[in-house]
Amino acid sequence: MNNRRRLTGFVLSNKMDKTVVVDVTRTYRHKLYKKVMTDHTKYKAHDELGCQVGDQVRIVESQPISRQKRWVVEEILRSSEQALPVEDEVEAEA
């Protein structure tokens, strides 16, 4: 494996050509107040796999592709169909 950074997040938008917006959540403890904080960062990543909104993906650092894209989607960890239950199935069970 190489030294490139890898982050995991959820796809927020896929309306651009071969580009997705990925939201990465980071949790850390505040230095002074010791409170657990969450921080959200949006990355624009190059997408050759055809991600959908809601997919959980792993992005990897790369050379600059455009002015804002420095990340590439490496793999889809969980698709949006698996992540969200279908409402028809939930209503049928009730």
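This is a guided tour of a predicted model, moving from the whole chain to selected residues and pairs.

**The whole chain**

Begin with a cartoon of everything, where the chain shows two helices and five strands, and follow the sequence through the pattern β-β-β-β-β-α-α. If you then colour by accessibility, buried residues account for 24% of the 94 residues in the chain. With a surface displayed, about 7300 Å² is exposed by the chain, and carbon and sulfur atoms supply 48% of that area. A contact map adds a further view: among contacts between residues at least 6 apart in sequence, 49% join residues at least 24 apart.

**The aromatic pair**

Next, show the side chains of Tyr43 and Trp71, whose rings form the one aromatic pair that the structure holds. The ring centres of Tyr43 and Trp71 are 5.0 Å apart and the planes stand at 55 degrees, so the pair is classed as tilted. Tyr43 belongs to strand β3 and Trp71 to strand β5, and the pair thereby links distant parts of the chain, 28 residues apart. Trp71 counts as buried because its relative accessibility is 6%, below the 20% under which a residue is called buried.

**Lys69, a buried lysine**

From Trp71, move the selection to Lys69, which is found in the loop between β4 (56–61) and β5 (71–78). Which side chain of opposite charge is nearest to Lys69? It is that of Glu48, 7.6 Å away, and Lys69, although buried, has no salt bridge; the separation can be set against the limit of 4 Å that a salt bridge requires.

What Lys69 does have is polar contacts, and both of the following are worth drawing as dashed lines. One, of 3.0 Å, joins the side chain of Lys69 to that of Thr19, and another, of 3.1 Å, runs from the side chain of Lys69 to the side chain of His46. To see the surroundings, leave out residues up to four places away in sequence and display what Lys69 touches, namely Lys18, Thr19, Lys44, Ala45, His46, Gln63 and Pro64.

**Lys18 and its partner Glu48**

Lys18, one of the residues touched by Lys69, is the next selection, and its place is in the loop between β1 (6–16) and β2 (19–29). Its backbone deserves a check in a Ramachandran plot, since Lys18 has a positive phi of about 55 degrees although it is not a glycine. The side chain of Lys18 meets that of Glu48 in a salt bridge, at 3.8 Å from N to O. This pair links distant parts of the chain, with Lys18 in the loop between β1 and β2 and Glu48 in the loop between β3 and β4, 30 residues apart. Are these two residues buried or exposed? Both Lys18 and Glu48 are exposed.

While the Ramachandran plot is open, select Lys34 too, which lies in the loop between β2 and β3. Phi of Lys34 is near 60 degrees, again a positive value in a residue other than glycine.

**Salt bridges of strand β5**

A search of the whole structure finds four salt bridges, and two of them can be inspected from strand β5. Select Glu74 and Arg6, whose side chains meet at 3.2 Å, N to O. Glu74 lies in strand β5 and Arg6 in strand β1, so the pair ties together parts that are 68 residues apart in sequence. With a relative accessible area of 32%, Glu74 is partly exposed, and Arg6 also counts as partly exposed, at 27%.

Then take Glu75 and Arg58, whose side chains meet in a salt bridge with an N to O distance of 2.2 Å. Here Glu75 is in strand β5 and Arg58 in strand β4, so this pair ties together parts 17 residues apart in sequence. Glu75 counts as partly exposed at 31% relative accessibility, as does Arg58 with a relative accessible area of 25%.

**Last stop: Lys42**

Finish at Lys42, found in strand β3 (residues 36–46). Lys42 is exposed because its relative accessible area is 61%, over the 50% mark for that class. Lys42 and Val21 are 21 residues apart in sequence, yet their C-alpha atoms are 6.4 Å apart in space. Once residues up to four places away in sequence are set aside, Lys42 touches Leu12, Val21, Val22 and Asp23.

Notes. Residues numbered from 1 in each chain as written. Predicted model: local features only at pLDDT ≥ 70, side-chain atom pairs only at ≥ 80, totals over all residues. Heavy atoms only, no water. Helix = DSSP H or I, 4+ residues; strand = E, 2+ residues; numbered from the N terminus. Buried < 20%, exposed > 50% of the residue type's maximum accessible area, 1.4 Å probe, protein only. Lys, Arg positive; Asp, Glu negative; His and termini not counted. Polar contact = N/O pair within 3.5 Å; in protein donor to acceptor, adjacent residues only side chain to side chain. Contact = heavy atoms within 4.5 Å. Phe/Tyr/Trp six-rings, centres within 6.5 Å; stacked < 30°, edge-to-face > 60°. Areas by Shrake-Rupley, 256 points an atom, 1.4 Å probe, with all protein chains shown as cover.
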